[in-house]
Amino acid sequence: MKKALCILTTIFLASITSAVFAGDRIGDFALIDNQGTQHHMAWYDDQNAVVILPQANGATDASALSYLGDLKETYADQGVVFFLINPGMETDREAVSQDLISLGVELTVLMDDAQLVTEALGVTRLDEAVVYNPKSFELIYRGPAGSELEAALQRTL
């Protein structure tokens with residue numbers, strides 16, 4: 001019993017200390033996308049928010065991707081920028097581009113080869129989106145790519 005309690009406490013404390021919560025400052029970052037263009041988040045300080053969803057070749061959550069596409073149509077003209085992020089260490093840009101074509105997706109994929117940005121954002125699942133404030137470099141939302149994401153965008157705007 002004592003050992004189980006110790007293990008549960010350790011797991012709980014580890015998850016708290018490594019988690020990034022909404023409102024935490026992530027800081028500015030720059031990544032190259034699947035087309036070879038650099039995206040520096042400070043360049044988007046004229047926007048209200050940046051939405052980022054993880055992408056993995058052949059494993060991207062299709063429903064989350066579809067939902068993100070719908071949100072892009074709704075919010076792109078309201079100062080919201082949409083990206084995918086690929087934290088694959090051995091994924092090349094051409095393979096990522098081909099995966100997007102096969103899915104019929106027209107979104108830019110930020111290539112996070114070192115996985116530093118993905119870790120800083122606290123992204124651990126493919127259906128988990130983040131909303132990032134490019135003015136304050138703070139995390140506004142991290143969670144499911146669903147109605148909660150849209151509610152976070154509405155609050156932000």
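1. Let's start at the loop between β6 (128-133) and β7 (138-144), which is where F137 sits in this predicted model. F137 is not a glycine, yet its phi is positive, at about 60°. Most residues other than glycine have a negative phi. So F137 deserves a look in your viewer on account of its backbone angle. As for its surroundings, F137 has a relative accessibility of 15% and therefore counts as buried, the cut-off being under 20%.

2. A companion case is Q115, another residue other than glycine, with a positive phi near 60°. Q115 belongs to the loop between β5 and α4 (116-121). Is Q115 buried or partly exposed? With a relative accessible area of 31%, Q115 is partly exposed, whereas F137 at 15% is buried.

3. Now to helix α3, which spans residues 93-103. Its buried residues are V96, S97, D99 and L100. Looking down the axis of α3, these fall within an arc of 160°, so they line one face of the helix. Note that this buried set includes D99 and S97 alongside V96 and L100.

4. What do the buried residues of α3 pack against? Their partners are two strands, β4 (80-86) and β5 (108-111). On the face of α3 turned away from the buried side you will find the exposed residues E94, I101 and S102. I101 is thus one of the residues on that exposed face.

5. Both ends of α3 have a detail to check. At the start, D92 places a side-chain oxygen within 3.2 Å of the backbone nitrogen of E94. E94 also appears among the exposed residues on the face turned away from the buried side. Just after the helix comes G104, with a positive phi of about 70°.

6. Stepping back to the overall layout, the protein chain has five helices and seven strands. Read from the N terminus, their order is α-β-β-β-α-β-α-β-α-β-β-α. Among contacts with a separation of 6 or more, 71% join residues 24 or more positions apart.

7. Finally, some totals for the protein chain. It has 157 residues, and 41% of them are buried. The exposed area is about 8,600 Å², of which carbon and sulfur atoms supply 55%.

Notes: Residues numbered from 1 in each chain as written. Predicted model: local features only at pLDDT ≥ 70, side-chain atom pairs only at ≥ 80, totals over all residues. Heavy atoms only, no water. Helix = DSSP H or I, 4+ residues; strand = E, 2+ residues; numbered from the N terminus. Buried < 20%, exposed > 50% of the residue type's maximum accessible area, 1.4 Å probe, protein only. Contact = heavy atoms within 4.5 Å. Areas by Shrake-Rupley, 256 points an atom, 1.4 Å probe, with all protein chains shown as cover. Arc of directions from axis to C-beta. Polar contact = N/O pair within 3.5 Å; in protein donor to acceptor, adjacent residues only side chain to side chain.
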